[in-house]
Amino acid sequence: MFLVGLTGGIASGKSTVAKEFQALGCPCVDADLIARQVVEPGEPAYEKIKGTFGPTVFHENGLLNREKLGQIIFHDASKRQQLNAIVHPAIKKRMLREVLQYLLKGYQFVICDIPLLFETKQMLPFVSYTVVVYCDEDKQLSRLMQRNGLSEEDAQARMKSQLPLSEKCLLCSYVIDNNGDLEGTKQHVKEVFKKMKSSRKHLVLRFGILAFAVCMFGGLYFALR
Ligand SMILES: Nc1ncnc2c1ncn2[C@@H]1O[C@H](COP(=O)(O)OP(=O)(O)OP(=O)(O)O)[C@@H](O)[C@H]1O
């Protein structure tokens, strides 16, 4: 099995593209979903956030106030770094656990939807291919404002906290153009899907596991003879 890192900019269409990959039968691990799970009450990252940012970033019922925390970190790079140092290792650990479950089920590859793949670099050593979902800046801005009900200024601040999409396109293996309608995007997803299916990178891990098993059992056999 091998991992494909799916990334892009905020509201560039990663979830939309991930759904299309799932419709084609690919398992997807969603870093955003995991990011919400690791800050639930009782999780180690939850306690660390309380210790670092204080009680003001929590609702009265104890749940994390994501909007309040978002406002703080999107306008303050050092606070953003502090939060990242807490949540990124927890996200990475849980992602690798989910990936391991798919490995045991025998999938050829797993799509890992990681919005900040190139910014944090945490998961980069584990992925064989990177795919960027791209759309022009003005389209990204209008989709973000519409979806999240944000002012232009707030939407711009969120976009600026990430690497520009054009830079990510230079770093990745494949670009999926999401400027057009959904039908066009589906076609781009199918093309990338075919390329992944024809990759033989999953054999590296399979042969590695096989060689390891042969060595272990061979060693055991000769030791017990
Ligand atoms: N090709 C498209 N045509 C029209 N609208 C689109 C298209 N792709 C995505 N959208 C819309 O743009 C918004 C952002 O898309 P999506 O949620 O997939 O982005 P995302 O990159 O996953 O966002 P986030 O950064 O929050 O994770 C959504 O409202 C979605 O419906």
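For the residue classes used below, Ala, Val, Leu, Ile, Met, Phe, Trp, Tyr, Cys and Pro count as nonpolar, Asp, Glu, Lys and Arg as charged, and the others, Gly among them, as polar. The model is predicted.

**Exercise 1. The ligand shell**

Task: Find which residues come nearest to the ligand, which elements give two or more residues to the shell, and how the shell divides by class.

Solution.
- Step 1. The ligand has 16 residues around it. Lys14, Ser15, Thr16, Arg143 and Arg147 come nearest.
- Step 2. Helix 1 (14-23), helix 7 (137-148) and helix 10 each give two or more residues to this shell.
- Step 3. Helix 1 supplies the largest share, three residues.
- Step 4. Sort the shell by class: seven residues are polar, five are charged and four are nonpolar.

**Exercise 2. The sheet**

Task: Give the strand order of the sheet and name its edge strands.

Solution.
- Step 1. Start with the inventory. The chain holds 11 helices and five strands.
- Step 2. Trace the pairing. The five strands form an open sheet with parallel pairing, in the order 2-3-1-4-5.
- Step 3. Look for strands that pair on one side only. These are strand 2 (28-30) and strand 5 (174-177), the edge strands.
- Step 4. Add the twist. From one strand to the next it averages 25°.

**Exercise 3. Strand 1 and its neighbours**

Task: Say how many bridges join strand 1 to strand 4 and to strand 3, and whether the residues of strand 1 are buried or exposed.

Solution.
- Step 1. Take strand 4 (residues 127-134). Six bridges join it to strand 1 (residues 2-8), and the two run parallel.
- Step 2. Place the partners. Leu3 has Val127 of strand 4 as its bridge partner. Thr7 stands opposite Val132 in that strand.
- Step 3. Turn to strand 3. Five bridges link it to strand 1, again in parallel. Val4 has Ile111 of strand 3 as its bridge partner.
- Step 4. Assign the faces. In a regular strand, side chains alternate between the two faces of the sheet. Here Phe2, Val4, Leu6 and Gly8 point one way, while Leu3, Gly5 and Thr7 point the other way.
- Step 5. Check burial. A residue is buried if 20 or more other C-beta atoms lie within 10 Å of its own. Seven of the seven residues of strand 1 are buried.
- Step 6. Set this against the whole chain. Buried residues make up 29% of its 225 residues.

**Exercise 4. Helix packing**

Task: Describe how helix 7 crosses helix 8, list the residues that make the contact, and find which strands helix 10 lies across.

Solution.
- Step 1. Compare the axes. Those of helix 7 and helix 8 (residues 152-160) come within 9 Å and cross at roughly 120°. The crossing is right-handed.
- Step 2. List the contact. Helix 7 brings Gln140, Leu141, Leu144 and Met145. Helix 8 brings Glu152, Ala155, Gln156, Arg158 and Met159.
- Step 3. Sort these residues: five are nonpolar, two polar and two charged.
- Step 4. Move to helix 10 (residues 182-197). It lies across strand 1, strand 3 (109-113), strand 4 and strand 5. Helix 10 runs at about 160° to strand 5.

**Exercise 5. The whole chain**

Task: Give the span of the C-alpha trace along its principal axes.

Solution.
- Step 1. Read the span: about 70 × 45 × 25 Å.
- Step 2. Add the contacts. Of those with a separation of 6 or more, 76% join residues 24 or more positions apart.

Technical notes. Residues are numbered from 1 along each chain as its sequence is written. This is a predicted model: local features need pLDDT of at least 70, side-chain atom pairs count only at pLDDT 80 or more; totals for chains, interfaces and linings use all residues. Two strands pair if DSSP finds at least two bridges between them. Helices (H or I, at least four residues) and strands (E, at least two) are DSSP runs, numbered from the N terminus. Axes are lines fitted to C-alpha atoms, for helices over the stretch in contact, and angles run from 0 to 180 degrees between N-to-C directions. Two residues are in contact if their C-beta atoms, placed from the backbone, lie within 7 Å. A residue is near a molecule or strand if its C-beta atom, placed from the backbone, lies within 6 Å of it. A crossing is left-handed if the near helix is turned anticlockwise from the far one by less than a right angle, and right-handed if clockwise. A residue is buried if 20 or more other C-beta atoms lie within 10 Å of its own, exposed if 12 or fewer, and partly exposed in between; C-beta atoms are placed from the backbone.
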